[in-house]
Amino acid sequence: MSSVADKLARKSTRKPPAKQVRLRLVYIDFWSAVKLSFLVAVCLAVINIVATFLVYTVLNSTEIFDQVNSIVKDVAGSGTDLTAIFSMGNVMGFAIVTSLINLVVTTAIGAIIAVLYNLSVKITGGLLVGFTNN
């Protein structure tokens, strides 16, 4: 036989049924989208700079640049020197410049997408999203 305490313990461990809520996304705040896209762009810029440094370090330590430079000298003549072009300063400078350009472009794209979504909501009615509480 089970006691009243056992019955209450079994009742308390049961999970209540999950309630589902369906919401419609009808507006994206412009400045929130700009801030979020800027933060994503900053993260991508840092990743780009660190990855460029790591790849350059690996290629330089395995002397790939010296081998490519000798091949180019054999083909093009002795006047060309790729080691001066592919110095650490030039490569990292290029990575920083491209990261800054990508930062501006990514932020602008985030703002444009927010505006386009807000305009398209008038036609489509928005995005239907379902949520549940577990």
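This report walks through the fold, the helices and a few notable residues of a predicted model.

**Overall picture**

Let's start with the whole chain. The protein chain has 134 residues, of which 17% count as buried. Its secondary structure comes to five helices and two strands, and these follow one another in the order α-β-α-α-α-α-β. Among contacts with a separation of 6 or more, 79% join residues that are 24 or more positions apart. The chain exposes about 10,300 Å², with carbon and sulfur atoms supplying 71% of that area.

**Two annotated spans**

The UniProt record, an unreviewed entry, lists residues 36-59 and 91-117 under "transmembrane region". How much helix and strand does the model show over residues 36-59? That span is 100% helix and 0% strand. The table sets out both spans.

| Span | Helix | Strand | Distance between end C-alpha atoms |
|---|---|---|---|
| Residues 36-59 | 100% | 0% | 34 Å |
| Residues 91-117 | 100% | 0% | 38 Å |

**Helix α5 and its packing**

Helix α5 covers residues 88-124. Its 37 residues should span 54 Å at 1.5 Å a residue, so the 51 Å between its end C-alpha atoms agrees with expectation. Its buried residues include Val91, Met92, Ala95, Ser99, Leu103 and Thr107, and further along Gly110, Ala111, Ala114, Tyr117, Asn118 and Val121. Which elements do the buried residues of α5 pack against? Their partners are β1 (19-25), α2 and β2 (127-133).

Thr98 also sits in α5. Because its relative accessible area is 22%, Thr98 is partly exposed. Although Thr98 and Asn48 are 50 residues apart in sequence, their C-alpha atoms are 8.8 Å apart in space. After the helix comes Gly125, with a positive phi near 90°.

**A nonpolar patch on the surface**

Val46, Val50, Phe53, Leu54 and Met88 make a nonpolar surface patch of about 420 Å². Where does the largest share of the patch come from? Helix α2 (residues 30-61) supplies it, with four residues. Met88, by contrast, lies in helix α5. Is Met88 buried or partly exposed? Its relative accessibility is 32%, so Met88 counts as partly exposed.

**From α2 to α3 and beyond**

The loop between α2 and α3 (64-76) holds Glu63. This residue has a positive phi of about 60° although it is not a glycine. Most residues other than glycine have a negative phi. With 48% relative accessibility, Glu63 counts as partly exposed.

Helix α3 has 13 residues and reaches 18 Å from its first C-alpha to its last, close to the 18 Å expected at 1.5 Å a residue. Asn69 lies in this helix. Why does Asn69 count as buried? Its relative accessible area is 7%, and buried means under 20%. Leaving aside residues up to four places away in sequence, Asn69 touches Thr80, Asp81, Leu82 and Thr83. Gly77 follows α3, and its phi is positive, near 115°.

Terms used:
Residues are numbered from 1 along each chain as its sequence is written. This is a predicted model: local features need pLDDT of at least 70, side-chain atom pairs count only at pLDDT 80 or more; totals for chains, interfaces and linings use all residues. Side-chain values use heavy atoms; hydrogens and water are left out. Patches are made of residues with over 30% relative accessible area and no salt bridge: like charges are joined within 9 Å, nonpolar side chains (Val, Leu, Ile, Met, Phe, Trp, Tyr) within 5 Å. Accessible areas come from the Shrake-Rupley method with a 1.4 Å probe; for residues, only the protein chains shown count as cover. A salt bridge is a side-chain nitrogen of Lys or Arg within 4 Å of a carboxyl oxygen of Asp or Glu. Buried means under 20% relative accessible area, exposed over 50%, partly exposed in between (1.4 Å probe, protein chains only). UniProt positions are given in the numbering used here, feature names are shortened, and annotations may be inferred rather than shown by experiment. Contact means heavy atoms within 4.5 Å. The expected span of a helix is 1.5 Å times one less than its number of residues.
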